[in-house]
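Biologist: Please put the model on screen. I would like to go through its helix packing, its salt bridges and a few single residues.

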Amino acid sequence: MEEKESGVAAMAKCYQRFDPAAYLQYNYTPPRADFERKDSIVPWKLACLHRAFTEGDVSGKLLVDIGSGPTLYQVLSGCEIFSQVVLTDFLEVNRQTLRRWLEDKNGCGLDWTPYLQHVCKLEGRRPTAWTEKAAKLRKVITDILPVDVHRPHPVDPEALPPSGADCLVSCFCLESVSPDLATFTKALGHIQKLLRPGGHLMLIGALGESYYFGGPGVKIPVVPLNEAQVCSSLRESGFTLIRLEVYTLPEDMRVGVDDVTGVFFVKARKESD
């Protein structure tokens, strides 16, 4: 137990030098975010999320994003379904980056316009509708909270309704803050408690990744996962898998900021208590 706690503490220490602007530049600009390419990773993620949110089985009022980082793409489809969206992150520097976008101030780290336009296109709307989507997103994001997935109660219990969220999204969070597979699985169990019975989880994460750079010279260890481990951890944490999709990185997407080989997308449902 002490070894795991020291591992978690070491992970937290790694993140004190995390640079949101550098992270966004590494992962959310071309070639990884090339909306003209069908094999680019960001459009793939956006398409997975769009499908998952529009299949007719996801509903409710509250969507909570676990470990938002400095990014917004993961809630661009969900904001059309849910009237209340809560973002969360462990780092204040990331929460500040998100607040600056929410308040329409400079310093939000990235121009999200191409992302908004692309999701509008997926939704069958005209590209100019992105301004409406941005306005809607700013309206439905009701809070940006601290989160620690290694605590049994990852967010302040007073911040969410006792019944739990209707849906959770979490992208590249759990495997990149856990020192080992057991801690990853435990963290998945912790966030499961935030979800109402029958609620949905959309989980995106790295496959075969042992590190990534969170800024110049900031090398952060990651739990290298495979599909079988992801499925096993979900079962152990009380989730029923609905769908698992896998993306394999083309060579030119391997740009030296990590050693990721693929990405998984999971749609799952919390089993009834």
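What follows is a set of short questions and answers on this predicted model.

Biologist: At what angle do helix α3 and helix α5 pack, and what is that arrangement called?

Modeller: Helix α3 covers residues 41–53 and helix α5 covers residues 113–122. Their axes lie 10 Å apart. The angle is about 45 degrees. Angles from 65 to 115 degrees would count as roughly perpendicular and those under 35 as roughly parallel, so α3 is oblique to α5.

Biologist: Is the crossing of α3 and α5 left-handed or right-handed, and which residues make the contact?

Modeller: α3 passes α5 in a right-handed crossing. From α3, the contact uses V42, P43, L46, A47 and H50. From α5, the contact uses Y115, H118, V119 and L122.

Biologist: How do the residues of the contact of α3 with α5 divide into nonpolar, polar and charged?

Modeller: Histidine counts as polar, while Val, Pro, Leu, Ala and Tyr count as nonpolar. H50 of α3 and H118 of α5 are both part of the contact. The division is seven nonpolar, two polar and no charged.

Biologist: How far apart are the axes of α7 and α8, and why are these helices called oblique?

Modeller: Helix α7 spans residues 181–192 and helix α8 spans residues 227–236. Their axes come within 9 Å. They cross at roughly 45 degrees. That value falls outside the parallel, antiparallel and perpendicular ranges, so α7 and α8 are oblique to each other.

Biologist: What is the handedness of the crossing of α7 and α8, and which residues make the contact?

Modeller: The crossing of α7 and α8 is right-handed. On the α7 side, the contact is made by L181, F184, T185 and L188. On the α8 side, the contact is made by Q229, S233, L234 and E236.

Biologist: How many residues of the contact of α7 with α8 are nonpolar, polar and charged?

Modeller: Glutamate counts as charged, and E236 of α8 takes part in the contact. The residues divide into four nonpolar, three polar and one charged.

Biologist: Now the salt bridges. How many does a search of the whole structure find, and which residue meets E245 in one?

Modeller: The search finds 22 salt bridges. One of them has a distance of 2.7 Å, N to O. The side chain that meets E245 there belongs to R51.

Biologist: Which parts does the pair of E245 and R51 tie together?

Modeller: E245 lies in strand β8, residues 239–248. R51 lies in helix α3. The pair therefore ties together parts that are 194 residues apart in sequence: strand β8 and helix α3.

Biologist: Are E245 and R51 buried or exposed?

Modeller: Buried means under 20% relative accessible area. E245 has 16%, so E245 counts as buried. R51 has 35%, which makes R51 partly exposed.

Biologist: What about R151 and D148: what is the distance of their salt bridge, and is each residue buried or exposed?

Modeller: The side chains of R151 and D148 meet at 3.5 Å, N to O. Exposed means over 50%, and R151 has 52%, so R151 counts as exposed. D148 has 19%, so D148 is buried.

Biologist: Which residues do salt bridges that share partners join into one network?

Modeller: Start with E132 and R126, whose closest N and O atoms are 2.7 Å apart. E132 is partly exposed at 41%. R126 is partly exposed at 48%. The network joins E80, E123, R125, R126, E132, K133 and K136.

Biologist: Last, single residues. Where is S68, is S68 buried or exposed, and what is in contact with S68?

Modeller: S68 sits in the loop between β1 (62–66) and β2 (84–89). Its relative accessibility is 3%, so S68 counts as buried. Neighbours within four places in sequence aside, its contacts are Q74, L87, T88, D89 and L98.

Biologist: And A22: which residues is A22 in contact with, leaving aside its neighbours within four places in sequence?

Modeller: A22 is found in helix α2, residues 20–27. At 11% relative accessible area, A22 is buried. Its C-alpha lies 34 Å from that of V58, 36 residues apart in sequence. The contacts of A22 are G215 and P216.

Biologist: Which residues is C14 in contact with beyond its neighbours within four places in sequence?

Modeller: C14 has its place in helix α1, residues 2–14. C14 is partly exposed, at 24%. Its contacts are V218, I220 and P221.

Notes
Residues numbered from 1 in each chain as written. Predicted model: local features only at pLDDT ≥ 70, side-chain atom pairs only at ≥ 80, totals over all residues. Heavy atoms only, no water. Axes fitted to C-alpha atoms, helices over the stretch in contact; angles between N-to-C directions. Helix = DSSP H or I, 4+ residues; strand = E, 2+ residues; numbered from the N terminus. Parallel < 35°, antiparallel > 145°, perpendicular 65-115°, else oblique. Left-handed = near helix turned anticlockwise from the far one by under 90°. Contact = heavy atoms within 4.5 Å. Salt bridge = Lys/Arg side-chain N within 4 Å of Asp/Glu carboxyl O. Buried < 20%, exposed > 50% of the residue type's maximum accessible area, 1.4 Å probe, protein only.
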